[in-house]
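Me: I am new to this structure and would like a close look at a single part of it, the place where charged side chains pair. Please take me through it slowly, and then set it in the rest of the chain.

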Amino acid sequence: MASVHWKDEGPRFGLGSFKALGGAYAVLKLLQAELARRGVANAAGSAELAAGEHKAATGAIIVTCATDGNHGRSVAWGRNASTPAA
């Protein structure tokens, strides 16, 4: 018997798009690589970044995107989640 399975990512993070994780994941990987390159943290995890453990270092890293659409909103969300407010 044939079946179809799907996972609706539309409501995730309140971004209203199935693309919500791609940009945020890319920001995570970029920050991890840059922190390792700078000798700040060789294996910074997403929980560490979200908790602001490397806030001084990540605050100096600029992340940009060429769109303000779904992907751009995801990138912005990922960046903001990685450097929480004081």
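**The salt bridges of helix α1**

Reply: A fitting place to begin is R37, which counts as exposed because its relative accessibility is 62%, over the 50% cut-off. Before going further, please keep in mind that this is a predicted model, and that what follows describes the model as it was computed.

The partner of R37 is E34, and the two form a salt bridge in which the closest N and O atoms are 2.6 Å apart. E34 is found in helix α1, and because E34 and R37 are three residues apart in that helix, about one helical turn separates them. The two ends of this pair differ in their surroundings: R37 is exposed at 62%, whereas E34, with a relative accessible area of 17%, is buried, because that value is under 20%. As a general point, side chains of opposite charge can pair when their charged atoms come close.

E34 does not stop at one partner, for its side chain also meets that of R38 in a salt bridge, with 2.7 Å from N to O. R38 is partly exposed, because its relative accessible area of 39% falls between the cut-offs of 20% and 50%. The same side-chain pairings appear again as polar contacts, one from E34 to R37 at 2.6 Å and one from E34 to R38 at 2.7 Å. Taken together, E34, R37 and R38 are linked in a network of salt bridges, and the count of salt bridges comes to two.

From R38 the view can be widened to A57, which, leaving aside its neighbours within four places in sequence, is in contact with L35, R38 and V40. A57 and L35 both belong to the largest nonpolar core, a set of ten residues made up of V27, L28, L31, L35, A41, A44, L49, A57, I61 and V75. Helix α1, which covers residues 20-37, supplies the largest share of this core, namely four residues. Helix α1 therefore holds E34, a buried residue at 17% relative accessibility, and also contributes to the nonpolar core.

L35 leads on to another residue, H54, which is found in the loop between α2 (46-50) and α3 (55-58). H54 counts as buried because its relative accessibility is 13%, under the 20% cut-off. Apart from neighbours within four places in sequence, H54 is in contact with L35, V40, A41, A44, E48 and L49, and of these L35, A41, A44 and L49 are listed in the largest nonpolar core.

A contrast is offered by S3, which lies in the segment before α1 and counts as exposed because its relative accessibility is 53%, over 50%. The side chain of S3 is joined to that of H5 by a polar contact of 3.1 Å.

It remains to place these details in the whole chain. The protein chain has four helices and zero strands, and read along the sequence it follows the pattern α-α-α-α. Of its 86 residues, 31% are buried, and its accessible surface comes to about 5700 Å², with 59% of that belonging to carbon and sulfur atoms. Among the contacts with a separation of 6 or more, 51% are between residues 24 or more positions apart.

Notes:
Residues are numbered from 1 along each chain as its sequence is written. This is a predicted model: local features need pLDDT of at least 70, side-chain atom pairs count only at pLDDT 80 or more; totals for chains, interfaces and linings use all residues. Side-chain values use heavy atoms; hydrogens and water are left out. A nonpolar core is a set of buried Ala, Val, Leu, Ile, Met, Phe, Trp, Tyr and Cys residues joined through side-chain atoms within 4.5 Å. Buried means under 20% relative accessible area, exposed over 50%, partly exposed in between (1.4 Å probe, protein chains only). Helices (H or I, at least four residues) and strands (E, at least two) are DSSP runs, numbered from the N terminus. Contact means heavy atoms within 4.5 Å. Accessible areas come from the Shrake-Rupley method with a 1.4 Å probe; for residues, only the protein chains shown count as cover. A polar contact is a pair of N or O atoms within 3.5 Å; within protein, one must be able to donate a hydrogen and the other to accept it, and residues adjacent in sequence count only if both atoms are side-chain atoms. A salt bridge is a side-chain nitrogen of Lys or Arg within 4 Å of a carboxyl oxygen of Asp or Glu.
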